Amino acid sequence: MSARALRSSVIATFVGVILGGCLVAEPPGPPAVAAPPPAPPPAQVEVVPVAPGPGYVWVPGHWFWRGRGYAWVPGYYAVPAQPGYVWVAPHWAPRGRGWVWVEGRWRPR
């Protein structure tokens, strides 16, 4: 094994040991964290503009955890993936021994 490959292997092992207590790998999805971050601030009040056209649905803004704090993602209009679909807001969900961030998505009613 070359010195470079050995160094990479040692670094990967070290990172795995350091993060081992915090992350749970669950391929193919996102990594799970031991606990979700603290609760976000209250939602910001948004002025909902007039829809740009028929069939558009307002997707409310939400707080998104950026690793060291929350950032506000403003609301927007979108057309549902299919007629009759509803928006499921992004949220933290339990997975295995930890929690994962689930992106917002459209789903059938």
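## Overall layout

A contact here means heavy atoms within 4.5 Å of each other. In this predicted model, residues 24 or more positions apart account for 42% of the contacts in the chain with a separation of 6 or more.

The secondary structure consists of one helix and ten strands. Along the sequence the order is α-β-β-β-β-β-β-β-β-β-β. The chain has 109 residues, and 17% of them count as buried.

## The hairpin of strands 8 and 9

Strand 8 covers residues 91-95 and strand 9 covers residues 98-102; the two pair in the antiparallel sense, with five bridges between them. One of the residues involved is Trp92, whose bridge partner in strand 9 is Trp101. Two residues lie between the strands of this hairpin, and Gly96 has a positive phi near 55°.

Arg97 belongs to the loop between strand 8 and strand 9. With a relative accessible area of 71%, Arg97 is exposed, because the cut-off for that class is over 50%. The C-alpha atoms of Arg97 and Ala35 are separated by 9.1 Å, while the two residues are 62 residues apart along the chain.

Trp99 is part of strand 9. Its relative accessible area is 29%, so Trp99 is classed as partly exposed. Trp99 also has a partner far away in sequence: Pro36 is 63 residues from Trp99 along the chain, yet their C-alpha atoms are 6.0 Å apart.

## Aromatic pairs

How many aromatic pairs does a search of the whole structure find? The search finds six. Trp63 and Trp72 form an edge-to-face pair, with 5.1 Å from centre to centre and 70° between the planes. Trp63 has 17% relative accessibility and therefore counts as buried. Trp72 is buried too, at a relative accessible area of 18%.

Trp65 and Tyr70 have ring centres 5.0 Å apart and planes at 70°, so this pair is edge-to-face. Are Trp65 and Tyr70 buried or partly exposed? At 23% relative accessibility, Trp65 is partly exposed, and Tyr70, at 21%, is partly exposed as well. Both fall outside the buried class because that class requires a value under 20%.

Ring pairs also join Phe64, Trp92 and Trp101 into a cluster. Within this cluster, Trp92 and Trp101 are the residues already described as bridge partners in the hairpin.

## The largest pocket

Rolling a probe the size of a water molecule over the atoms shows where empty space is left. The largest pocket holds about 190 Å³ of space. It is lined by 15 residues, and those closest to its centre are Pro40, His62, Trp63, Tyr70 and Trp101. Which elements give two or more residues to the lining? They are strand 4 (62-65) and strand 5 (70-73).

By class, the lining contains 13 nonpolar residues, two polar residues and no charged residues.

Several residues from the earlier sections return here. Trp63, listed among the residues closest to the pocket centre, is the buried ring that pairs with Trp72. Tyr70, also on that list, pairs edge-to-face with Trp65. Trp101, another of the residues closest to the centre, belongs to the ring cluster with Phe64 and Trp92.

Note on methods
Residues numbered from 1 in each chain as written. Predicted model: local features only at pLDDT ≥ 70, side-chain atom pairs only at ≥ 80, totals over all residues. Heavy atoms only, no water. Pairing = 2+ DSSP bridges. Helix = DSSP H or I, 4+ residues; strand = E, 2+ residues; numbered from the N terminus. 1 Å grid on protein atoms, 1.4 Å probe; cavity = no way out; pocket = protein on both sides within 12 Å on 5 of 7 lines; lining within 4 Å. Points joined across faces, edges and corners; volume = space filled by probe spheres on them. Nonpolar A, V, L, I, M, F, W, Y, C, P; charged D, E, K, R; others polar. Phe/Tyr/Trp six-rings, centres within 6.5 Å; stacked < 30°, edge-to-face > 60°. Buried < 20%, exposed > 50% of the residue type's maximum accessible area, 1.4 Å probe, protein only.
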